[in-house]
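Dear colleague,

I am passing on the structure below, and after it you will find my notes on the sheet, the helices beside it and the pocket. Please read them with the structure open.

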Amino acid sequence: MENIIEIKNLTKIYRMGKEKVTALENVSLCIKKGEFCCILGTSGSGKSTLLNMIAGLEKPSKGQIIIKKHHLEKMNEKQVTKFRQDYVGFVFQSYNLLPNLTALENVAMPLVFSGMANKKRNNIAKEMLSAVGLGDRLHHRPSQMSGGQQQRVSIARAFVSRPQIVFADEPTGNLDTKTTEEVMDLMSGMTQKHNQTLIMVTHDVETAVYADRVIYFRDGHVEKIEVNNNKHKQGEEL
Ligand SMILES: Nc1ncnc2c1ncn2[C@@H]1O[C@H](COP(=O)(O)OP(=O)(O)OP(=O)(O)O)[C@@H](O)[C@H]1O
Ligand SMILES: [Mg+2]
């Protein structure tokens, strides 16, 4: 299978006055199209830094990020924005929904950039919300929904434009066990169905069982990579 993401000697150094924090040091990785990769590691090991750089939210200090033959580190802001709209969806731990918009408006938002007509956008967003079990919450605002429901809205938003790559940073960090299972089933089911690539950061070993590969992070570098031969199947009890 072809590599969709290639990371070469990636280094990120944060400078704060005279202090230097090396958040990532010489990380090299390849991720295949359609793969579900889990990045596991203790707090401060550099997981979010890595994800933010592959998603184009931050610039590396050194190294290369090649996604579908495009060099992300060489792009200017406008090109990165366009790249994100075309290829990337993002699920955050704290949902990051727009508080003044309804569930439907939040999910339809990424489609605005594609130039699609309003009615078509709303129909696709409705379908997506039904797919995550929220067909009866279309007009609720984030504050009128539970945490699990908000996360399902944010999953619908991340997947609505059928991006080739979805990033998720601790997507179940604020959820209970049962809701975690629902959210993981949803994400792994959707990515499998459409051969999308999913890269998820977590420090929860339990959710790593859904992944094809687990990449262990430690102090800004890859400690080991494990292939998950007994990948968790959708709907199985955790
Ligand atoms: N904007 C920043 N400025 C300075 N240092 C930073 C910045 N962002 C992250 N760091 C430092 O980089 C290191 C890696 O941080 P990162 O957020 O990637 O960790 P993480 O593995 O995601 O941790 P967690 O599991 O707690 O979310 C940490 O030591 C952190 O303090
Ligand atoms: Mg983090």
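In this predicted model, helix H6, which covers residues 177-193, lies across strand E3 (36-41) as well as E6, E7 and E8, and it runs at about 155° to E8. The strands it crosses belong to an open sheet of six, in which the order is E6-E7-E8-E3-E9-E10 and the pairing is mixed. Strand E6 (88-92) and strand E10 (221-227) stand at the edges with a single partner strand each, so that one side of each has no neighbour in the sheet. From one strand to the next, the twist averages 15°.

Within this sheet, strand E7 (residues 165-169) and strand E8 (residues 197-202) are paired in the parallel sense over five bridges, and valine 166 is found opposite leucine 198 in E8. Helix H5 (residues 147-159) also packs on the sheet, where it touches E6 and E7, and its direction makes about 170° with that of E6.

Both H5 and E6 come up again at the largest pocket, since each of them, like helix H2 (77-87) and helix H3 (103-112), supplies at least two residues of its lining. The volume of this pocket is about 690 Å³. Its lining consists of 23 residues, and those that lie nearest the centre are Arg84, Gln85, Val88, Pro110 and Phe113. Sorted by class, the lining of the largest pocket comprises 13 nonpolar, seven polar and three charged residues.

With best wishes

Technical notes. Residues numbered from 1 in each chain as written. Chains lettered and ligands numbered in written order. Predicted model: local features only at pLDDT ≥ 70, side-chain atom pairs only at ≥ 80, totals over all residues. Heavy atoms only, no water. Pairing = 2+ DSSP bridges. Helix = DSSP H or I, 4+ residues; strand = E, 2+ residues; numbered from the N terminus. Axes fitted to C-alpha atoms, helices over the stretch in contact; angles between N-to-C directions. Contact = heavy atoms within 4.5 Å. 1 Å grid on protein atoms, 1.4 Å probe; cavity = no way out; pocket = protein on both sides within 12 Å on 5 of 7 lines; lining within 4 Å. Points joined across faces, edges and corners; volume = space filled by probe spheres on them. Nonpolar A, V, L, I, M, F, W, Y, C, P; charged D, E, K, R; others polar.
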